[in-house]
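The following questions and answers examine one protein chain, from its hairpin to its charged side chains and its core. Please consult the sequence and the structure while reading.

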Amino acid sequence: MTSRDCIEHGLVPALQVKGRALETFAIGDRLQRYSVPGAAVAVVRDGEVEWSAEYGVTTTGGTRVDATTLFQAASISKAVAAVGVMRSEEHTSELQSHSFI
């Protein structure tokens, strides 16, 4: 299964119950389940965009999401920033303490 197939048709739940068959979902199903009108996905491999796609609409009843649609980063920016800090420190033997105001 390609990375695109996994995103579009093979999403799995965050929690899985041992002994229960693995259930997969299409991205459209997940958008509907969580009342998200639209999303955009970009897969980056080795610093290059491998593929990108847009799904759904900008708001309920709005226009289709396209490559120029702007999304609010919201809380995802915290996780992305944390990964960036950890990656920048991964080549050192020890993380240094930093204070941020």
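Q: In the hairpin of β1 and β2, which residue takes a positive phi?
A: This model is a predicted one. The hairpin of β1 and β2 has two residues between the strands. A positive phi, near 55 degrees, is taken there by Asp46.

Q: How many bridges join strand β1 to strand β2?
A: Strand β1 covers residues 38-45 and strand β2 covers residues 48-56. The two run antiparallel, and Arg45 stands opposite Glu48 in β2. The number of bridges joining the strands is eight.

Q: In what order do the elements of the chain run from the N terminus on?
A: The chain contains three helices and two strands. Read from the N terminus, their order is α-α-β-β-α.

Q: Which residue forms a salt bridge with Glu50, and is that partner buried or partly exposed?
A: Side chains of opposite charge can pair when their charged atoms come close. In the salt bridge of Glu50, the closest N and O atoms are 2.3 Å apart, and the partner is Arg45. Glu50 has 40% relative accessibility and therefore counts as partly exposed. At 46% relative accessibility, the partner also falls between the limits of 20% and 50%, so the answer is Arg45, partly exposed.

Q: How far apart in sequence are Glu8 and Arg4?
A: The side chains of these residues meet in a salt bridge, with an N to O distance of 3.2 Å. The search of the whole structure finds two salt bridges. Both Glu8 and Arg4 lie in helix α1, which spans residues 3-9. Their separation is about one turn of the helix, that is, four residues.

Q: Does Glu8 count as buried or exposed?
A: A residue is buried when its relative accessible area is under 20%. Arg4 has a relative accessible area of 33% and is therefore partly exposed. Glu8 has 17% relative accessibility, so Glu8 counts as buried.

Q: With which side chain does the side chain of Glu8 make a polar contact?
A: Leaving aside neighbours within four places in sequence, Glu8 is in contact with Ala26, Ile27, Ala53 and Tyr55. The polar contact has a distance of 2.8 Å, and the side chain that Glu8 reaches in this way is that of Tyr55.

Q: How many residues make up the largest nonpolar core?
A: This core includes Ile27, Leu31, Trp51 and Tyr55. Helix α2 (27-33), β1 and β2 each supply at least two of its residues. Ala39, Val41, Val43 and Ala53 also belong to the core, and the total is eight.

Q: Which residues does Leu31 touch, not counting residues up to four places away in sequence?
A: Leu31 is one of the residues of the largest nonpolar core. With residues up to four places away set aside, Leu31 touches Val36, Gly38, Ala39 and Tyr55.

Q: Which backbone nitrogen does the side chain of Thr69 reach?
A: Thr69 has its place in the loop between β2 and α3 (76-89). Not counting residues up to four places away in sequence, Thr69 touches Thr58 and Arg64. The side chain of Thr69 also reaches a backbone nitrogen at 2.9 Å, that of Asp66.

Q: What percentage of the residues in the chain is buried?
A: The accessible surface of the chain comes to about 8600 Å², and carbon and sulfur atoms hold 56% of this area. Among contacts between residues at least 6 apart in sequence, 23% join residues at least 24 apart. Of the 101 residues in the chain, the buried share is 15%.

Terms used:
Residues numbered from 1 in each chain as written. Predicted model: local features only at pLDDT ≥ 70, side-chain atom pairs only at ≥ 80, totals over all residues. Heavy atoms only, no water. Buried < 20%, exposed > 50% of the residue type's maximum accessible area, 1.4 Å probe, protein only. Contact = heavy atoms within 4.5 Å. Areas by Shrake-Rupley, 256 points an atom, 1.4 Å probe, with all protein chains shown as cover. Pairing = 2+ DSSP bridges. Salt bridge = Lys/Arg side-chain N within 4 Å of Asp/Glu carboxyl O. Polar contact = N/O pair within 3.5 Å; in protein donor to acceptor, adjacent residues only side chain to side chain. Core = buried A, V, L, I, M, F, W, Y, C linked by side-chain atoms within 4.5 Å.
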